[in-house]
Amino acid sequence: MRIVKIILLIIVGLAVLAAIAGMFVPSKFTMDRSVVINADQKVIFDQVNVLKNWEQWSPWEKMDPETKLTYDGPASGVGASYSWASSKNGDGTLTISESVPYESVTCDMDFKDSGKGIAGFKMSSAEKGNNLTWWFESDLGSNPFKRLFFGLLGRSFMNKAFDQGLNDIKAIAESMPVQPAEIIPAAPDTLAADTTAN
């Protein structure tokens, strides 16, 4: 019995320490990861703006291939949405709330009982291609255990998942054929002037 009491005291002590530590972790959780991709801006943008493309690189779906996806709204851009049901990753819904071609995509995320968050992608020019940043924000509330887990322990896991997703986007985008530059035809009045000159 004495050993059992000691074990219980240790567990209670650890729980108290975790609760105290969690109180000092900020309630707002923010993170971002980036990668440089040597590919056309449109190719990169389509990977994050067209939701069905996420099936090719999303780290969450690789964690649970049995995830059930349901799409709603347009295929891409503002209003595009999909819901997921997973025994490993839980249930939730993601909806694109803002889409600026070749610059950024912002998504509202609803994790049901686990809360809500905002995520997105930002693109910018880089020396050897285009920089793609994947970011995430969420309010962890007042629960000290949730703050401790997501604010400290969960960050490492999220970093690895985001890095995997970004590197998969990079591999997909860089494997696609280079699109030829768009040729803009001359204006009709310019063609007429050239014909008259001849």
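I take a charge to sit over a ring if NZ of Lys or CZ of Arg is within 6 Å of the ring centre and within 35 degrees of the ring normal. With that in hand I looked up lysine 52, whose charged end sits over the ring of tyrosine 71, 5.3 Å from the ring centre. I note for all entries that this is a predicted model.

**Strands**

I went to the sheet next. Strand β2, residues 68-72, pairs with strand β3, residues 81-86, in the antiparallel sense, and I find 5 bridges between them. In this pairing leucine 69 stands opposite tryptophan 84 of β3.

I then followed β3 to strand β4, residues 90-100. These two also run antiparallel, joined by 6 bridges. Serine 81 has threonine 95 in β4 as its bridge partner. The connection from β3 to β4 is a hairpin of 3 residues.

**Aromatic rings**

I searched for ring pairs and got 13 in the structure. I looked up tryptophan 84 and phenylalanine 111, an edge-to-face pair with 6.1 Å centre to centre and 65° between the planes. Tryptophan 84 belongs to strand β3 and phenylalanine 111 to the loop between β5 (104-110) and β6 (116-126), so this pair ties together parts 27 residues apart in sequence.

Which of these residues is buried, and which is partly exposed? I count tryptophan 84 as buried because its relative accessibility is 13%, under the 20% limit. Phenylalanine 111 has a relative accessible area of 24% and is therefore partly exposed.

Phenylalanine 111 has a further edge-to-face pair, with phenylalanine 136: 6.3 Å centre to centre, 65° between the planes. Here too distant parts of the chain are linked, since phenylalanine 111 is in the loop between β5 and β6 while phenylalanine 136 is in strand β7 (residues 129-139), 25 residues apart. Phenylalanine 136 is buried, at 9% relative accessibility.

I traced the ring pairs outward and reached a cluster that includes Trp84, Phe111 and Phe136. Its other members are Trp54, Trp57, Tyr71, Tyr82, Phe121, Trp134 and Phe162. Tyr71 of this cluster is the tyrosine whose ring lies under the charged end of lysine 52.

**Salt bridges**

I searched the whole structure for salt bridges and found 4. I looked up aspartate 163 and arginine 33, whose side chains meet at 2.8 Å, N to O. Aspartate 163 is in helix α5 (residues 144-175) and arginine 33 in strand β1 (residues 28-37), so distant parts of the chain, 130 residues apart, are linked. Both ends are partly exposed: aspartate 163 has a relative accessible area of 24%, and arginine 33 has 29%.

I then checked aspartate 46 and lysine 42, where the closest N and O atoms are 2.8 Å apart. How far apart are they within helix α2? They are 4 residues apart in this helix (residues 41-49), which means a separation of about one helical turn. Aspartate 46 is partly exposed at 23% relative accessible area, as is lysine 42 at 42%.

I also looked up the salt bridge between lysine 62 and aspartate 168, at 2.4 Å from N to O. Lysine 62 lies in helix α4 (residues 59-63) and aspartate 168 in helix α5, so the pair ties together parts 106 residues apart in sequence. Lysine 62 is partly exposed, with a relative accessible area of 41%.

How values were computed
Residues are numbered from 1 along each chain as its sequence is written. This is a predicted model: local features need pLDDT of at least 70, side-chain atom pairs count only at pLDDT 80 or more; totals for chains, interfaces and linings use all residues. Side-chain values use heavy atoms; hydrogens and water are left out. Two strands pair if DSSP finds at least two bridges between them. Rings of Phe, Tyr and Trp (its six-membered ring) pair if their centres lie within 6.5 Å; planes under 30 degrees apart count as stacked, over 60 as edge-to-face and the rest as tilted. Buried means under 20% relative accessible area, exposed over 50%, partly exposed in between (1.4 Å probe, protein chains only).
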